[in-house]
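Reader: Hello! I am new to this structure and would love a close look at its disulfides. Could you walk me through them?

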Amino acid sequence: KETTGPGSCSACPAATSSGEGSDVLTDCICLAGYTGPDGAECTACDAGTFKETTGAGACSLCPVGTFKNTTGAGACSACPAWTSSGEGSEFFTDCICVVG
């Protein structure tokens, strides 16, 4: 809520949140798994990417040997033993047998 006195609080844009006592729109920051500028609607991280922190940071590619087949919040999953995948992999099927 940007004004003092009676009245209701304003909702933050989609996929954002603010702390108690927030008084400006830019206090609304992206949730983990979402990216965008403070005070604006945030978009979900693509499959194959993740973001563990809140705020305006960028989504990062899943590391080698992991994959993530969903958008938004969530961690990259490890490939099964004796398999690996490329950076930014989206599917379990991207995990292929390692040589040896």
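Author: Happy to; here is a tour of the cysteines and their links. This is a predicted model, in which local features need pLDDT of at least 70, side-chain atom pairs count only at pLDDT 80 or more, and totals for chains, interfaces and linings use all residues. Residues are numbered from 1 along each chain as its sequence is written, and side-chain values use heavy atoms, with hydrogens and water left out.

Searching the whole structure turns up five disulfides, a disulfide being a pair of cysteine sulfur atoms within 2.5 Å. With the bonded cysteines numbered in sequence order, they pair as 1-2, 3-4, 5-6, 7-8, 9-10. Cys9, however, is in no disulfide, and the nearest cysteine sulfur, that of Cys12, is 9.7 Å away.

Cys12 itself is joined to Cys28, with an S to S distance of 2.1 Å. This link is left-handed, with -75° about the S-S bond. Cys12 is partly exposed at 24% relative accessibility, while Cys28 is buried at 5% (buried means under 20% relative accessible area, exposed over 50%, partly exposed in between, with a 1.4 Å probe and protein chains only).

Next, Cys30 and Cys42 are bonded with their sulfur atoms 1.8 Å apart, and this link too is left-handed, at -80°. Cys30 is buried, with a relative accessible area of 1%, and Cys42 is buried at 5%.

Cys45 and Cys59 form another disulfide, their sulfur atoms 2.0 Å apart. The torsion about their S-S bond is about -80°, so this disulfide is left-handed. Here Cys45 is buried at 0%, whereas Cys59 is partly exposed at 25%.
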